[in-house]
Amino acid sequence: MKLSALCATAGLALPGPDAEVTGFAIDHRKVAPGTVFGAFKGARFNGEDYIADAIASGAVAVVSASEAPVEGAVSFVDSEPRRLFAQLAAPFYRPVPETLVAVTGTNGKTSTVELTRQIWNMVGERAASIGTLGVTTGDARVSTGLTTPDVVTFLGNLAGLAREGVSHVAYEASSHGLSQYRIEGPRVAAGAFTNLSRDHLDYHATMEEYFAAKMRLFGEVVADAGTAVIWADDVWSQRAIVHARARGLKVFTVGEQGEDMRLAARTPGGLGQQLEVQYAGVSRMIPLPLIGAYQAANALVAAGLVLATGGNADLVFDAMKRLVTVRGRLERAAITPSGAPVYVDYAHTPDGLEAAIAALRPHVSGRLIVVFGAGGDRDTGKRAPMGRVASELADIAIVTDDNPRGEDPAAIRAMVLEGTQAGAREIGDRREAIGAALAEAKGGDIVLIAGKGHEQGQIIGRGEAMRVLPFDDVDVAREMAGALAKGGDA
Ligand SMILES: CC(=O)N[C@H]1[C@@H](OP(=O)(O)OP(=O)(O)OC[C@H]2O[C@@H](n3ccc(=O)[nH]c3=O)[C@H](O)[C@@H]2O)O[C@H](CO)[C@@H](O)[C@@H]1O[C@H](C)C(=O)N[C@@H](C)C(=O)N[C@H](CCC(=O)O)C(=O)O
Ligand SMILES: Nc1ncnc2c1ncn2[C@@H]1O[C@H](COP(=O)(O)OP(=O)(O)OP(=O)(O)O)[C@@H](O)[C@H]1O
Ligand SMILES: N[C@H](CCC[C@H](N)C(=O)O)C(=O)O
Ligand SMILES: [Mg+2]
């Protein structure tokens with residue numbers, strides 16, 4: 001494809017001679033002849049340092065923020081080079097699935113995109129989701145490593161899915177992804193906001209900045225005349241509604257305070273819950289086969305996205321009855337020989353931990369035992385609040401390791417323990433901590449293993465020294481339950 005054609009589609013002037021474009025790259029090591037190179041300043045490197053190398057490898061154009069010397073290639077300079085790069089790249093990656101929706105919020109993005117994918121599939125669409133779990137279609141899942149992949153991977157994935165016949169894609173818009181313009185370009189029909197609470201304050205300076213990053217979804221990413229589906233019961237919801245209205249989007253609110261889809265009642269049951277939902281003047285009873293208020297919220301927002309993009313209400317609400325557990329989100333992993341169910345959940349924020357404990361509480365007649373930790377090289381300010389939530393809301397809290405990365409695991413645990421009241425236990429080794437929780441559990445108790453969900457490893461070290469030790473909470477819980485049944489030492 002010609003650079004001039006990409007510029008014309010993106011509405012940009014071509015600032016130099018025309019060239020044939022063969023691809024896009026944001027890492028100079030991936031540049032081949034004909035590539036457009038995005039030279040961005042990052043947290044660790046300045047991509048502009050690699051411009052000459054990229055041109056030597058065949059780059060035909062360079063997008064950057066400053067007048068750094070670009071000799072032998074067309075130079076695009078913009079104060080938001082990542083945005084310009086995405087605008088230029090989008091028309092190259094064709095075809096694009098016809099219906100795209102994006103989900104933002106501190107918690108619930110993965111669950112919501114996955115449930116949206118499930119509902120679309122059940123109502124007859126070829127659907128996929130992209131997010132923390134990777135790229136998921138009906139029959140396959142491929143990991144990308146990040147929640148929101150880099151823009152080149154993202155656009156490439158969309159085109160690949162469209163070529164396979166996928167027409168509907170729901171993807172996660174993390175605040176990092178939004179602020180780094182990783183998910184720009186194609187037309188996004190609807191966006192959803194789930195909630196906002198403390199996380200990532202190592203990357204965003206304040207909650208206001210964190211919220212502003214999320215609101216780029218409604219401010220810029222969702223197409224003109226698109227829809228904003230907003231969970232209405234969060235403390236930040238009203239402000240999200242104001243942003244969406246100011247942009248002129250259609251607003252679709254969901255929740256107990258939702259005006260478009262109202263959750264009138266929610267009754268927890270053994271393996272799920274009964275929801276009474278009012279939509280378009282009709283009241284419906286929906287037996288949702290997932291437990292917990294938070295899963296009801298995510299399922300309703302997912303239904304809202306499908307309805308906002310043309311789904312048939314009868315089919316959509318009927319599909320909700322057949323939703324299946326999202327991997328690592330309140331997933332029942334095992335039952336101890338004493339009869340206590342063991343759940344694995346991805347709660348890694350104070351709010352997430354509170355939501356996961358609240359989801360299980362109605363099902364506990366004895367004690368709720370929680371095993372959890374906090375990640376290294378991530379927001380340190382969430383650690384003590386996580387400790388506080390666990391020790392206040394669970395009966396037994398066991399603090400353990402969760403991806404210490406480049407930090408001293410004992411120091412991370414100490415910060416978590418600062419928030420706990422007396423009585424919280426500390427067992428650094430995660431396998432041992434899970435074993436202790438299962439051994440402690442009696443009939444009527446429930447064990448919650450929080451923080452890693454679907455993750456497949458324990459990340460130790462940083463940079464060159466980083467290693468990922470295989471670890472899966474579900475597998476370990478099963479192994480430990482098995483060992484207890486045999487009467488061995490867990
Ligand atoms: C802080 C952060 O988000 N960093 C991401 C970001 O890096 P960056 O732009 O700061 O890049 P950098 O490493 O400083 O390099 C700058 C530029 O120089 C280029 N470069 C660099 C070296 C070189 O030799 N040649 C070269 O061309 C790089 O490709 C890059 O374009 O862009 C990189 C390329 O896409 C990502 O790999 C990297 O993710 C790091 C590994 C990461 O851990 N990110 C996490 C925090 C993250 O993004 N998480 C979110 C949120 C999860 C959630 O919702 O909770 C996610 O969406 O996954
Ligand atoms: N709507 C919600 N409200 C409160 N907590 C939630 C909600 N949805 C999920 N959670 C909690 O957050 C955890 C992570 O959920 P999920 O993976 O769907 O979120 P996410 O936004 O994709 O997270 P990440 O930022 O890591 O990508 C869940 O395991 C649960 O503990
Ligand atoms: N997307 C989140 C996941 C955190 C999961 C937890 N296991 C950890 O490692 O902190 C992050 O990268 O901050
Ligand atoms: Mg996610």
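## Shell around ligand 2

By class, the residues around ligand 2 comprise five nonpolar, 11 polar and four charged residues; here Ala, Val, Leu, Ile, Met, Phe, Trp, Tyr, Cys and Pro count as nonpolar, Asp, Glu, Lys and Arg as charged, and the others, Gly among them, as polar. This is a predicted model, in which local features need pLDDT of at least 70 and side-chain atom pairs count only at pLDDT 80 or more, while totals for chains, interfaces and linings use all residues. Residues are numbered from 1 along each chain as its sequence is written, ligands are numbered from 1 in the order in which they are written, and side-chain values use heavy atoms, without hydrogens and water.

The shell holds 20 residues (a heavy atom within 4 Å), and the closest are Lys-109, Thr-110, Ser-111, Arg-329 and Asp-345.

## Polar contacts and cover

Oxygen atoms of ligand 2 form polar contacts (N or O pairs within 3.5 Å) with three side chains: Asp-345 at 2.4 Å, Thr-132 at 3.0 Å and Glu-172 at 3.2 Å. The protein covers 93% of the 630 Å² of accessible area (Shrake-Rupley method, 1.4 Å probe) that ligand 2 has on its own.

## Nonpolar cores

The largest nonpolar core (buried Ala, Val, Leu, Ile, Met, Phe, Trp, Tyr and Cys residues joined through side-chain atoms within 4.5 Å; buried means under 20% relative accessible area, 1.4 Å probe, protein chains only) has 55 residues, of which Phe-24 and Phe-218 touch the most other members. Helix H5 (residues 151–163; a DSSP run of H or I, at least four residues) contributes the most to this core, with seven residues.

A second, separate core of 40 residues includes Val-103, Leu-115, Ala-296 and Ala-319.

Conventions
Polar contact = N/O pair within 3.5 Å; in protein donor to acceptor, adjacent residues only side chain to side chain. Buried < 20%, exposed > 50% of the residue type's maximum accessible area, 1.4 Å probe, protein only. Helix = DSSP H or I, 4+ residues; strand = E, 2+ residues; numbered from the N terminus.
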